[in-house]
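New to this one? Take a moment to turn the model around on your screen before reading on.

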Amino acid sequence: MSGPGDGLERCKPKYRVLFEPVKIGPVTAPNRFYQVPHASGMTEANPRVRAAFRAMKAEGGWGVVSTGAVSTHPSCDDSPLPFGRLWDDNDVRAHALMTDAVHAHGALAAIEIWHGGGSVMNRTSRIAPYAPSGIPWQATHVGFMGNHRPRAMTKQDIRDVVRWQAAAARRARSAGFDIVYVYAGMGYLGYQFLLEEYNQRSDEYGGSVENRARFVRELLETTKKAVGAECAVALRISLEELRKRPSDHYASQGHEVVALMADLPDLWDVKMDSSPTDCGASRFRPEASHEATIDFVKTMTDRPVVGVGRFTSPDTMVSQVKRGVLDLIGGARPGIADPFLPNKIREGREDDIRECIGCNICISSWHDGVPVRCTQNPTAGEEWRRGWHPERIPPAGSDDAVLIVGGGPAGLEAGLSLARRGYPVTIADAREELGGRLVFETRLPGLNAWGRVVDYRLNALKQMDNVALYPGSELGADDLLAMEHAHIVIATGARWTRRLYSSLEIPVAPLERSGVYTPDDIAAGVVPEGPVLVFDFDNYYLGGLLAEYLSDHFADRGLKVHYATPAGHASAWTIMTNELPFVHQALAERGIGVTTLALLKDMAGGEARLEHIFTGQMMPIEANSVVIVGHREARDGLYHELMAREGEFADAGIKSAERIGDALAPGAIVHAVHSGHLYARNLDSDAPDAFLRDIPIAEHPPGPAYEEE
Ligand code: ADP
Ligand code: SF4
């Protein structure tokens, strides 16, 4: 029921259930929107950036806002990957910035206390890593690979880790957290104890499921004892593997573990086991894909359950609650893409949600070791250092009209943000359909959801009075000089080249032969003569996807497609976005052969000449066409043509002309959107491009790496 003053007057009745409070042990979440722990790439090195990033979600209506993984002790040191720490009082102060900021908006703050066990390499602390039986996690991601195997933990080691958990929990309470986690997921220490492959102990911590769960139970008990009166204690657990394993008394070992600890935690936070399955890209994983793994948990516990599934549809969220799958709607990516998702549902504005597209660029930021970036939300990570708010933007600094040439991601984002500031905006694009590169790319297998980048912006632009859209309008320099706009923004994108590279990674001449194409040709409708070789050294999604597309699209013509790359994997960079295993599966399912470590030297006589990048051995492939997915260059001819006539600007009333997006520097869509947003924020700004540099909080002089309590 909603009533006056509860803020739900404009919320659609069917969604009001999402705004019911949920009791979690001694605390109460104000609604069911729960930002689960997720990496932000912001460590104690950037405490203000981190606090503002998390607080924005609280402001946007998330009832609970969590940290990412926070290490209890230097024996859990994941460097160079970014991770949080709660090792001493300086760390407490850094985290308190976040809890204060989250509480200011009425939300609860949760902390994911974490020990990585044998999956961290302790590269900085140089402590021999900990694992139940000294068996390492086997990384397939080169960034995670290491050559330091963990120690087999003694009982004293176990007691130490449990003690560190309690000490970290007390520090978390001092920092103001309301919910404190025990982590038993994603290959980390608690999880390693649960799985018999890692845990081959013959003492009371190994053997039966009950014994293997003992370590996690002890972590829960010690945390409850330390802070359980004031803070809720949550258990985060991965159930993908455990659910597959038979149990003597239960439907699976997953069921058994949940039964053994059913009412011990105040909250169950349930998830998958590996980043690619847990945070699957939309290309390969639909919304709510975890349900089949975690749906049983609520039948076995009275405690509330939270889970994720890239939920952006309020109908799906309500269905999860009504069908008894989840009590709390967990969100990581949907809240990065739109921190105001809950408030928009509350206000009956769900059509305004900037839906996550499931591209996983946010995850790549963590793999890169930098603060989070988001394709859909250019303000993510910029809340403190640039003062960017996802829903508010300063008013226009003048009445100047702005003409944007190019309606791709950069042009549309610049146009929308400028229009929101109040500028009169014109967007012209040569093509009949706005969307730039996404017009074609969203037709590629699995990329449909990426259309949300265009839809969100175009829907908003079409409702604004100060915006004029001109599709089907190819503009030249004469047009720009005649159109009487004070600011010209060139967002004309980039083009793919036929350039190749040598084994020393030096650019060499383009391969100019008939039958050699680029993605632009395929997007323009060229049907290459088979067999086709897709030669990819762009390394992101497009090479693999074009191979899939050509194979699917021209299956009736029996078009044979092969994929080759100088990298070690197909679409090698997609390891950063959790897509790599599924790219290989998708190619294999279509019978597309993959040649790695190959350089393309030439194509002639029905053959592509591939050469092994290291050995120089020739590896010919039958091919009548080659699609080179390699290097892009800015399509900036119009910009240079215009700048050559700078002398005419004053008479034409032009005050500035700038390039944005791919026309400035070709990149992924995330770069184009950020570039467009940056332009819009900077126009008529006093301090264009300025941002604050965060520094660690250190009120105490340097002391021991870890303070014993
Ligand atoms: P970005 O990712 O930087 O937004 P895109 O390649 O996606 O770049 O979009 C660029 C858009 O610019 C395309 O839709 C293209 O049709 C358009 N465009 C390029 N040159 C012109 C021009 N001279 N006049 C109008 N539109 C243009
Ligand atoms: Fe979603 Fe992509 Fe943004 Fe991540 S980067 S939150 S996957 S839109």
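What follows is a short tour, from the whole chain down to single residues.

## The big picture

First things first: this is a predicted model. The protein chain runs to 709 residues, and its radius of gyration is 27 Å. A compact globule with that many residues would come out near 27 Å, so the two values agree. If you drew a box along the principal axes around the C-alpha atoms, it would be roughly 75 × 65 × 55 Å.

As for the building blocks, the chain has 24 helices and 30 strands. Take the contacts with a separation of 6 or more: 73% of them link residues 24 or more positions apart.

## Inside, outside and charge

How much of the chain is tucked away? Of the 709 residues, 61% count as buried. The chain still exposes about 26900 Å², and carbon and sulfur atoms supply 50% of that area.

On the charge side, there are 73 positive and 93 negative side chains. The centres of those two sets lie 4 Å apart.

## Cysteines without bridges

How many disulfides does the structure hold? The count is zero. Two cysteines are worth a look anyway. Cys-11 has a relative accessible area of 2%, so it counts as buried. Cys-374 comes in at 11%, and it counts as buried because the cut-off is under 20%.

## Two buried threonines

Go to Thr-518 and you land in the loop between β21 (516-517) and α19 (519-523). Being in a loop doesn't put Thr-518 on show here: its relative accessible area is 3%, so it is buried. Leaving out neighbours within four places in sequence, Thr-518 is in contact with Trp-496, Thr-497 and Arg-498, and also with Val-627 and Ile-628.

Thr-379 is another loop residue, found between α14 (361-368) and β14 (402-405). Is Thr-379 buried or exposed? With 2% relative accessibility, it counts as buried. Again skipping neighbours within four places, its contacts are Trp-388, His-389, Pro-390, His-677 and Arg-681.

## Two glycines in loops

Gly-207 lies in the loop between α4 (189-194) and α5 (209-212). Its relative accessibility is 44%, so Gly-207 counts as partly exposed. Not counting residues up to four places away in sequence, Gly-207 touches Arg-201 and Arg-212. For a sense of distance, Gly-116 is 91 residues away along the chain, and the two C-alpha atoms are separated by 22 Å.

Further along, Gly-653 belongs to the loop between α23 (649-652) and β30 (656-659). Gly-653 has a relative accessible area of 37%, which makes it partly exposed. Beyond its neighbours within four places, Gly-653 is in contact with His-485 and Ala-486. Gly-653 and Pro-47 are 606 residues apart in sequence, and their C-alpha atoms are 45 Å apart in space.

## Backbone oddities

Most peptide bonds are trans, and most residues other than glycine have a negative phi. With that in mind, here are some spots to check.

Which residues does a cis peptide bond with omega of about 10° join? They are Ser-79 and Pro-80. Pro-80 lies in the loop between β4 (64-71) and β5 (84-85). The bond from Gly-530 to Pro-531 is cis too, with omega near -10°. Look for Pro-531 in the loop between α19 and β22 (532-536).

Then come two asparagines. Asn-539 isn't a glycine, yet its phi is positive, about 75°. Asn-539 is in the loop between β22 and α20 (541-553), and its 22% relative accessibility makes it partly exposed. Asn-578 has a positive phi as well, about 65°, without being a glycine. The loop that holds Asn-578 runs between β23 (561-564) and α21 (580-589). Is Asn-578 buried or exposed? Its relative accessible area is 3%, so Asn-578 is buried.

Terms used: Residues numbered from 1 in each chain as written. Chains lettered and ligands numbered in written order. Predicted model: local features only at pLDDT ≥ 70, side-chain atom pairs only at ≥ 80, totals over all residues. Heavy atoms only, no water. Disulfide = S-S within 2.5 Å. Buried < 20%, exposed > 50% of the residue type's maximum accessible area, 1.4 Å probe, protein only. Helix = DSSP H or I, 4+ residues; strand = E, 2+ residues; numbered from the N terminus. Rg over C-alpha atoms; globule rule 2.2 N^0.38 Å. Contact = heavy atoms within 4.5 Å. Areas by Shrake-Rupley, 256 points an atom, 1.4 Å probe, with all protein chains shown as cover. Lys, Arg positive; Asp, Glu negative; His and termini not counted. Charge placed at Lys NZ, Arg CZ, Asp CG, Glu CD.
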